[in-house]
Amino acid sequence: MRRCLVAGNWKMHMTVAETESFIVRFLPLVGAPNAEVVLFPPFTSLDCAGRLLRETNVGLGAQDVYFESKGAYTGAVSPGMLVACGCRYVLVGHSERRHVFGDGNDVVRRKLDAAVVGGLDPILCVGETIAERRGGQTNTVLETQLEAGLGGLSEAALARVVIAYEPVWAIGTGETATPEQAQEASAWIREWVGRRHGRAAEKVRILYGGSVKLDNARSLLALPDVDGSLVGGASLDPDGFAAIAAAAEA
Ligand code: PGA
């Protein structure tokens, strides 16, 4: 049985004070959810969020990580620093990291490996652009990203990984994949895991992300191969995000 995971990726939003007021409002609203609920604040809010979420039912993750453990890497944050703030999860290969900051598949893999070694559970994000979808390249792109991210990974490491299918054309655009598109891609990803890693396919959690809102969350979360959602914009409002978390339980 795969436990549903609802992740809120705040991106470059929320000061420390805003993080604190969000969490104070959110915790009683979300209560003791059946689904696993995890917040991904910006680096500057992780320490504050980690303190407020300690011993609650809501988990903590970071939006990115660097693959070295320490040293002269200006601006970078290591896995150990994230664990020390209370993070369990980290996003790797989010489309904004790939497309705005130029993280290539090789860098994504180094981050994923460093996350696992450093004690974090990576959420590997994969997804095609609209041109790639229109060109019939969706599965090829997914395969390249999956192979680079997860090919040859040990069974123990793979057991720590969550995969997020996030079509680039659906992120922050208000355009969501239809349930059919989300199911088709997620089932294809699970098949790929089955081909490369056997039984792990039944256990790996696959999230959908891209303009998830309360009104489409229920139908996306009900899909057989979708085990949760990665929510951007709609996770910035505590009431709205708590309602999405509640939809995950239904
Ligand atoms: P969005 O972002 O929900 O605002 O489309 C999703 C994501 O980037 O993870």
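**The ligand shell and three helix pairs**

The shell around the ligand is made of five nonpolar, seven polar and two charged residues. The model is a predicted one, so read every distance below as computed from it.

Start at the ligand. It is surrounded by 14 residues. The closest include K11, H94 and E166. G172 and S211 belong to that closest group too.

Three of these residues place a polar atom beside a ligand oxygen. Take H94 first. Its side chain puts a polar atom 2.7 Å from an oxygen atom of the ligand. G172 works through its backbone instead: a polar backbone atom there is 2.6 Å from a ligand oxygen. S211 also uses its backbone, with an N or O atom 2.8 Å from an oxygen atom of the ligand. How much of the ligand's accessible area does the protein cover? On its own, the ligand has 280 Å² of accessible area, and the protein covers 96% of it.

Now turn to the helices. Helix 7 spans residues 138–150, and it takes part in two of the pairs described here. One partner is helix 9, residues 179–197. The two axes come within 11 Å and cross at roughly 45°. An angle from 35 to 65 degrees counts as oblique, so helix 7 and helix 9 are oblique to each other. Their crossing is right-handed.

The other partner is helix 5, residues 105–117. Here the axes are 8 Å apart, and the packing angle with helix 7 is about 40°. That angle makes helix 5 oblique to helix 7. The crossing of helix 5 and helix 7 is right-handed.

Further along the chain, look at helix 11 and helix 12. Helix 11 covers residues 214–221, and helix 12 covers residues 238–249. Their axes lie 9 Å apart, at an angle of about 25°. Are these two helices roughly parallel or oblique? Angles under 35 degrees count as roughly parallel. Helix 11 and helix 12 are therefore roughly parallel to each other. The crossing of this pair, helix 11 with helix 12, is right-handed.

Notes
Residues are numbered from 1 along each chain as its sequence is written. This is a predicted model: local features need pLDDT of at least 70, side-chain atom pairs count only at pLDDT 80 or more; totals for chains, interfaces and linings use all residues. Side-chain values use heavy atoms; hydrogens and water are left out. A residue is near a molecule or strand if one of its heavy atoms lies within 4 Å of it. A polar contact is a pair of N or O atoms within 3.5 Å; within protein, one must be able to donate a hydrogen and the other to accept it, and residues adjacent in sequence count only if both atoms are side-chain atoms. Accessible areas come from the Shrake-Rupley method with a 1.4 Å probe; for residues, only the protein chains shown count as cover. Ala, Val, Leu, Ile, Met, Phe, Trp, Tyr, Cys and Pro count as nonpolar, Asp, Glu, Lys and Arg as charged, and the others, Gly among them, as polar. Axes are lines fitted to C-alpha atoms, for helices over the stretch in contact, and angles run from 0 to 180 degrees between N-to-C directions. Helices (H or I, at least four residues) and strands (E, at least two) are DSSP runs, numbered from the N terminus. Angles under 35 degrees count as roughly parallel, over 145 as roughly antiparallel, 65 to 115 as roughly perpendicular and the rest as oblique. A crossing is left-handed if the near helix is turned anticlockwise from the far one by less than a right angle, and right-handed if clockwise.
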